[in-house]
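Hi,

Here is the structure I said I would pass on. Have a look at it first, and then read my notes below.

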Amino acid sequence: MHHAINDAMGQTAWWAVQFVLTSLTLAWPSQRFFRVGLSLLVKGTPDMNSLVALGTLAAWSYSTVALFAPTLLPEAARAVYFEAAGVIVTLILLGRWLEARAKGRTGAAIKRLIGLRPETARVERGGAVTDLSVEEIEVGDILHLRPGERIVVDGEVQTGRSFVDESMITGEPVPVEKLPGAALVGGTVNGQGALTFRATAVGSDTMLARIVAMVQDAQGARLPVQALADQLVRWFVPAVIALSLLTILARMAFGPGLTFALVTGVSVLIIACPCAMGLATPTSIMVGTGRAAEFGVLFRKGDALQRLDEVTVIVFDKTGTLTEGRPELVTKNAAAGFDADTVLRLTAGAKTGSEHPIARALERAAGGDLPKPAET
């Protein structure tokens, strides 16, 4: 490929193309490395951005001299390293994009959690029931809940009797009976009964809001391995710079001159640029958090992902976590003189229209074309 390109357009023209492409890459998507890295380097607190900026800037600068002022360099040292500068920043930007993509997946899971909360509710004020937005609900308000509606805020049942699907919180598919005095959790789904309840927590104080906040905190938290990488870089960057300067001095003392000394010094900076360090950690986070979010697993703390390698025993506190999240009929036995399949079809037909998970399980087991209950 190298010889084919040189034969087609000439070495100088090809170097010029590399100069334009690499300059655009460094000036636009990679500008953060220079803006942050060089600033921290001046302050004496270099980070990985500083090393990336030094390595790429050294490679670009040397290559630019070799292209536009080749007479300043010995003939044997006239080479360009534009591709090295381009590849370094591209790999690290790729790692950061993967990390952002992983956060996007987790963010989508958070949006689904937030979507569990209705936007409006029927609130009783001044003897009248009106539809109000969730932001207008206050602690102590009396809310009216119809069958099948999602509960908007945490509360306590005042009147009525119903069964509420709390699987989003507990993982258990079987609805929980709610009588006056029972607690309700915002985001859960009411069954077939009508309820009135008093709001006990609204806004950021609801259980759903606290879950969302915990997931967001975990998403923004840095893993211990990232903090370790930052600590290493604080020592690594000054050591690389010192080694580069030492290489230049040694080359000047034992080599042919300043030009070759600068070449070797720049080589140290380019080789030491930690592409793998900037790519491996974000990629690992992307794979871990992204895949977990796809399966509905959210990490409550940022370091939980990293600590999973130490886990030898996993304890589950919800049967719904280990099952399909819904009941299924597995065996059926009829009393003497009755056919089990016939009884099942009649029972499932009688449950037509019910939203209870057990009714749904009976319907699935009985199959389609169920008999309809007769009105009396």
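**What I found**

Strand β5 (residues 162–165) is joined to strand β6 (residues 176–178) by three bridges, and the two run antiparallel. Before I go on, please keep in mind that this is a predicted model.

One of those links is easy to find: S162 in β5 has K178 in β6 as its bridge partner. β5 also pairs with strand β8 (residues 189–190), again antiparallel, this time through two bridges. There, D165 is matched with V189 of β8. If you look at the two faces of β5, S162 and V164 make up the covered one, while F163 and D165 are on the uncovered one.

There is another sheet to look at. It is open, has six strands and pairs antiparallel, in the order β2-β1-β3-β9-β4-β7. Which strands sit at its edges? They are β2 (128–133) and β7 (183–184), each of which pairs on one side only. The partner of β7 is strand β4 (residues 154–160); two bridges hold this antiparallel pair, and one to look up is E156 with A183 of β7. As a reminder, strands in a sheet pair through backbone hydrogen bonds, in a parallel or antiparallel way.

Now for the helices. At the start of the chain, take α1 (residues 2–9) and α2 (residues 11–27): their axes come within 7 Å and cross at roughly 105°. Angles of 65 to 115 degrees count as roughly perpendicular, so that is how α1 and α2 lie to each other. The residues that meet are I5, N6 and M9 from α1 and Q11, A13, W14 and V17 from α2. By class, this contact has five nonpolar residues, two polar ones and no charged ones.

Further along, which residues touch the most other members of the largest nonpolar core? Of its 21 residues, they are F33, V52, I88, V89, I92, V240 and I270. The helices α3 (31–43), α4 (48–68), α5 (82–114), α8 (224–254) and α9 (258–272) each give this core at least two residues. The largest share, six residues, is from α4.

I270 is a good place to zoom in: leaving out residues up to four places away in sequence, I270 touches G55, A59, Y81, A84 and I88. Apart from this core lies another one, of 18 residues, including V123, L132, A182 and L195.

Cheers

Notes: Residues numbered from 1 in each chain as written. Predicted model: local features only at pLDDT ≥ 70, side-chain atom pairs only at ≥ 80, totals over all residues. Heavy atoms only, no water. Axes fitted to C-alpha atoms, helices over the stretch in contact; angles between N-to-C directions. Helix = DSSP H or I, 4+ residues; strand = E, 2+ residues; numbered from the N terminus. Parallel < 35°, antiparallel > 145°, perpendicular 65-115°, else oblique. Contact = heavy atoms within 4.5 Å. Nonpolar A, V, L, I, M, F, W, Y, C, P; charged D, E, K, R; others polar. Core = buried A, V, L, I, M, F, W, Y, C linked by side-chain atoms within 4.5 Å. Buried < 20%, exposed > 50% of the residue type's maximum accessible area, 1.4 Å probe, protein only. Pairing = 2+ DSSP bridges.
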